[in-house]
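User: Hi! Could you walk me through this structure in simple terms?
Analyst: Happy to, let's take a look together.

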Amino acid sequence: MRISRRTFATAAVALLLPLSACGSGGDEGGSTDASGKVEGDITFQTWNLRANFKPYFEGLIADFEKQHPGTRVKWIDQPAEGYADKISADAAGGTLPDVVNVSPDLVAPLAKAGLALDLDKSAGTYRSEYLPGAWAGHRVPGLDGTYAFPWYLNTGPLFYNKALFEKAGLDPSAPPKTYDDLFTDARRIAEKTGGKVATLANVPTIEDFGRYGVPLMNKEGTGFAFDDAKGVELLTEYKRLYDAKALDPQALTATPESSGKKFLTQAVAMNPGSALDLGNFKKQAPGLYKNIGITDQITSTGHANMYVMGVMVNSRTKHTPAAVAFAHFVTDARNQMSFAKKGAIFPSTAGSLDDPYFSKEDGTDETRVRVAAAKSLKTAVNYTPVLFSEQMKTALRNEVAKALQGKESPATALDNAVKACDRLLKQQG
């Protein structure tokens, strides 16, 4: 069963916690000391996983309780819809579970409110068990510490159409690796096809700015910084692509589905995808399928983007040793490997991606994509700032559209996007 990419990419809504109601002070706070005896009753909340993974989690909990007599884990699974709102309400009402499945954007307001346990202090001994980029995924700008164990990861390689590259006089065995390569090849393909074939079907997102090497936030985490000279340079290049029809004209309103269709009909030369997409190409477009190339994400930093999911410990738990032990147990190498094999996801534990399951091809499409993705994840980072909400993504997208259409200069568009995002950041508290 494949876990939807939406699980990773959706930041749901900005959590506006009433900090006065759930600050880090008060006499309800739990101990941050995880070194005591592992015992007591704890609650564990997941995010829309019961329907497809019930036997896995029931077995996981039974194993933990067997290893630690005197512990009992109550499992709660919340639907995807309204998950952020549910966490916000529980945090404000003092009913947040002991161990919570979170994404980085969801952990940020909890950490700011003093409700997420700092694992660098309470569980730092486990840090070396995880990929560095994954462990860093739940750090919050402006705060010291790490606020969730990294759990499962996802990423996606890029598909490209070898035949379209060859027709443009480009080497089909040498697809672009950096943004400079991409811009050069994209203009060449547009020129050779009279603007009939675009290379990309998507406008730049915050992850693109990150992969281009643009600083996304200031060091204090109090404001965004992607309107610097390098950010303007990236958007200027995308404007050139748009004018040359190397960026699909419908990119301004594109969805992953519409971009996929453009690639399927060979109107676009490159597109992110998954093993499921490869299977669809095989059935629906065998001509495309035989010319599919798989390459790494475009990056000028040498690091691909990862989506990371985490497991947070409530700092107010009354059973800190048990909560930390269980959160670690859920995310240890053995259990992550087991879970990854049940869904199209990847473990965040160091060394796990060297397992033959992630490193050896067997001729199938699924393995072909899995191996390519796993290779890039070893050094990947989560470029999306943990404080970057859905509203901020929309603000950036709107300003990018204005720049591409020539309604604003790239510099003005990015300045406006940063101002809008900074305003939204202040509202987060």
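**A chat about the fold**

Analyst: Let me start with one small detail: the side chain of Asn-154 reaches the backbone oxygen of Ala-344 at 3.4 Å. Keep in mind that this is a predicted model.

User: Which strand does Asn-154 lie in?

Analyst: Asn-154 lies in strand β4, which covers residues 149-154.

User: And is Asn-154 buried or exposed?

Analyst: Asn-154 is buried, because its relative accessibility is 6% and the cut-off for buried is under 20%.

User: Nice. What about the sheet with β4 in the middle of its list, what order do the strands have?

Analyst: That open sheet has six strands in the order β2-β1-β3-β8-β4-β9, and the pairing is mixed. Its edge strands are β2 (71-78) and β9 (346-347), each of which pairs on one side only.

User: What holds paired strands together in general?

Analyst: Strands of a sheet pair through backbone hydrogen bonds, in either a parallel or an antiparallel way.

User: So how do β3 and β8 pair?

Analyst: Strand β3 (residues 99-102) and strand β8 (residues 307-313) are antiparallel, with four bridges between them. You can find Val-99 opposite Val-313 in β8, and Asn-101 opposite Val-311 in β8.

User: And how many bridges pair β1 with β3?

Analyst: Two bridges, and here the pairing is parallel; β1 covers residues 40-47. Phe-44 has Val-99 of β3 as its bridge partner.

User: Which residues of β3 are buried on each side?

Analyst: Val-99 and Asn-101 are buried on one side, Val-100 and Val-102 on the other, and both faces of β3 are covered. As a general point, side chains in a regular strand alternate between the two faces of the sheet.

User: Let's change topic. What is the order in the sheet of three strands?

Analyst: The order is β6-β5-β7, in an open sheet with antiparallel pairing. The edge strands, each pairing on one side only, are β6 (270-272) and β7 (292-295). On average, neighbouring strands of this sheet are turned by 30° against each other, ignoring direction.

User: How many bridges join β5 to β7?

Analyst: Four bridges join them, and the two strands run antiparallel, with β5 spanning residues 158-161. One facing pair to look for is Phe-159 opposite Ile-294 in β7.

User: Which helix lies across β5, β6 and β7?

Analyst: That is helix α11 (residues 256-264), which runs at about 140° to β6.

User: While we're on helices, how many residues of α14 are buried?

Analyst: In helix α14 (residues 320-330), 11 of the 11 residues are buried, so the helix is largely enclosed by the rest of the structure. Among them are Pro-321, Phe-326, His-328 and Phe-329.

User: Now zoom out for me. How many helices and strands does the chain have?

Analyst: The chain has 19 helices and nine strands. Its C-alpha trace spans about 70 × 50 × 35 Å along the principal axes.

User: How does its radius of gyration fit with a compact globule?

Analyst: The chain has a radius of gyration of 22 Å, which agrees with a compact globule, because one with 429 residues would have a value near 22 Å.

User: And what percentage of the residues are buried?

Analyst: Buried residues make up 53% of the 429 in the chain.

User: Last one: what is the accessible surface of the chain?

Analyst: The accessible surface comes to about 18200 Å², and 50% of this belongs to carbon and sulfur atoms.

Key. Residues numbered from 1 in each chain as written. Predicted model: local features only at pLDDT ≥ 70, side-chain atom pairs only at ≥ 80, totals over all residues. Heavy atoms only, no water. Buried < 20%, exposed > 50% of the residue type's maximum accessible area, 1.4 Å probe, protein only. Polar contact = N/O pair within 3.5 Å; in protein donor to acceptor, adjacent residues only side chain to side chain. Pairing = 2+ DSSP bridges. Axes fitted to C-alpha atoms, helices over the stretch in contact; angles between N-to-C directions. Contact = heavy atoms within 4.5 Å. Rg over C-alpha atoms; globule rule 2.2 N^0.38 Å. Areas by Shrake-Rupley, 256 points an atom, 1.4 Å probe, with all protein chains shown as cover.
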